[in-house]
Amino acid sequence: MGEAVPLKRPIGRRVTPQRTEYRRLSESAEMGSVTRGQLAVLAHNLPCTGLINASESHLLVTLVNTAPGEAFEKAGRPIIFKSNQQLAFEINRSAGRVSRLLSSLFDTGLVTMQDSGNYKRYPVRSASGSIVDGCGIDLRILIVRYRELDGLVRQAKAEKAAASAALRRYRGALRNLRYALATAAGLSERARSRLEARLERVVAVVGIAAKASSAVLRRATALFEWLIERALQLCRRSESALVTENSACANAENDMHKQITSPDPIVNSNENRRSATAEQLSLLEAGSASQWAYETSLGRGSYQINQPKRLPHVVVALQDVLRAIPALRTYGFTLPRTWADLARLVPQMCCITGISDDARRCAVAQMGEQQAAVAIAVTLQKFDRQEVTSPGGYLRAMTERAAAGELHLARSVFGLVARNMTEALN
């Protein structure tokens, strides 16, 4: 048997394709395009990008400040000849630690190394005494990559600023929503508990706000703002219902306003006026003004009886409709600013969904122009989501429900808004 040959330890610096590429790039440096001050500021800010840590940044700043200013001019050569021991003394680290930091900077592409046979660092000078070459730590790769690295620093700072702004808005919206739910007097306990449950679900999804991404914080903030508007709408609806209930009696009086043209309720009064023995309330003595008021009130009463049954006005803001119907933007519509603008988009929405003119006219006649526009917009959104295969039949069904008093457009709008918000968070 032959004798075992011991493995020899590799001699020399580790060579990788990336290090070789960085050495090649350093040869193409355009000297004089970047100053030493710019490189020092860049080296100080690089830790924010995550490319290097604070110790590596400290060593890189020391290397940049070691080279003289003229070394970065057109005829200069920014090569550092200090030993690891000297660099270790200047940054208060061990020589072994400096060696590992230099290797890490080499791998990251922030310095390159020109080695001699014995790893000594020294300059090669011309007859006039100027440095024409040398073996040491070469900083020319920083000049080549300056624009790239500076762009990374600027991007990191912009992302940090955006994250801070999103965090501030998130915390402010969360505080405002908690305050609104705690102080809303007209909000029922059921609605309050449901809104609070949604709030807690969003907070659970976000988790630790300081560690969440700015995109998640912006979506959560938008949902909080929508929940605040929803709570205020529920309060206004409750107050409106309370006012309607208090003023339901036809003979009720208040100290602010009282106007009675007949002692009978509206319907009974109209019937009495149609009869031959109807009481005229001293019409002849009242003069022309009373005659005009009597005829006006009579016209209003008969119009209300002959008109088809109307649903109450949808308690929903135009902004809620726009949030519920992102299909308007999908199909290239200019977002309406008023209800009239939305009504003008109805023929185009009908053309896209295939709703006939007869179905549209029936919806307008039964629900009114504004509510019909909302119903057609809801149909467009569900058609875009492929939840409705026959938009014309769907709109006719909504018209029939409106005639029976069973259509709740506000619920449909708020349901679409909540679904869009949930999908955005996911």
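How many helices and how many strands are there in the chain? In this predicted model, the chain contains 19 helices and four strands. Of the 426 residues in the chain, 37% are buried, and the accessible surface comes to about 25500 Å², with carbon and sulfur atoms accounting for 53% of that area. When contacts between residues at least 6 apart in sequence are considered, 71% of them join residues at least 24 apart.

On the surface, Arg-168, Arg-169, Arg-218 and Arg-219 form a positive patch, to which helix 7 (146-183) and helix 9 (214-246) are the elements that each give two or more residues. Arg-168, one of the residues of this patch, is found in helix 7, and it counts as exposed because its relative accessibility of 58% lies above the threshold of 50%.

A charged residue in a buried setting is provided by Glu-56, which is found in helix 3, spanning residues 54-66. Although Glu-56 is buried, it has no salt bridge; the nearest side chain of opposite charge is that of Arg-97, at a distance of 6.4 Å. With residues up to four places away in sequence left out of the count, Glu-56 touches Leu-51, Leu-101, Ser-104 and Leu-105. Thus Arg-168 is exposed, whereas Glu-56 is buried.

Methods
Residues numbered from 1 in each chain as written. Predicted model: local features only at pLDDT ≥ 70, side-chain atom pairs only at ≥ 80, totals over all residues. Heavy atoms only, no water. Patch = residues over 30% accessible without salt bridge, like charges linked within 9 Å, V, L, I, M, F, W, Y side chains within 5 Å. Areas by Shrake-Rupley, 256 points an atom, 1.4 Å probe, with all protein chains shown as cover. Salt bridge = Lys/Arg side-chain N within 4 Å of Asp/Glu carboxyl O. Lys, Arg positive; Asp, Glu negative; His and termini not counted. Charge placed at Lys NZ, Arg CZ, Asp CG, Glu CD. Buried < 20%, exposed > 50% of the residue type's maximum accessible area, 1.4 Å probe, protein only. Contact = heavy atoms within 4.5 Å.
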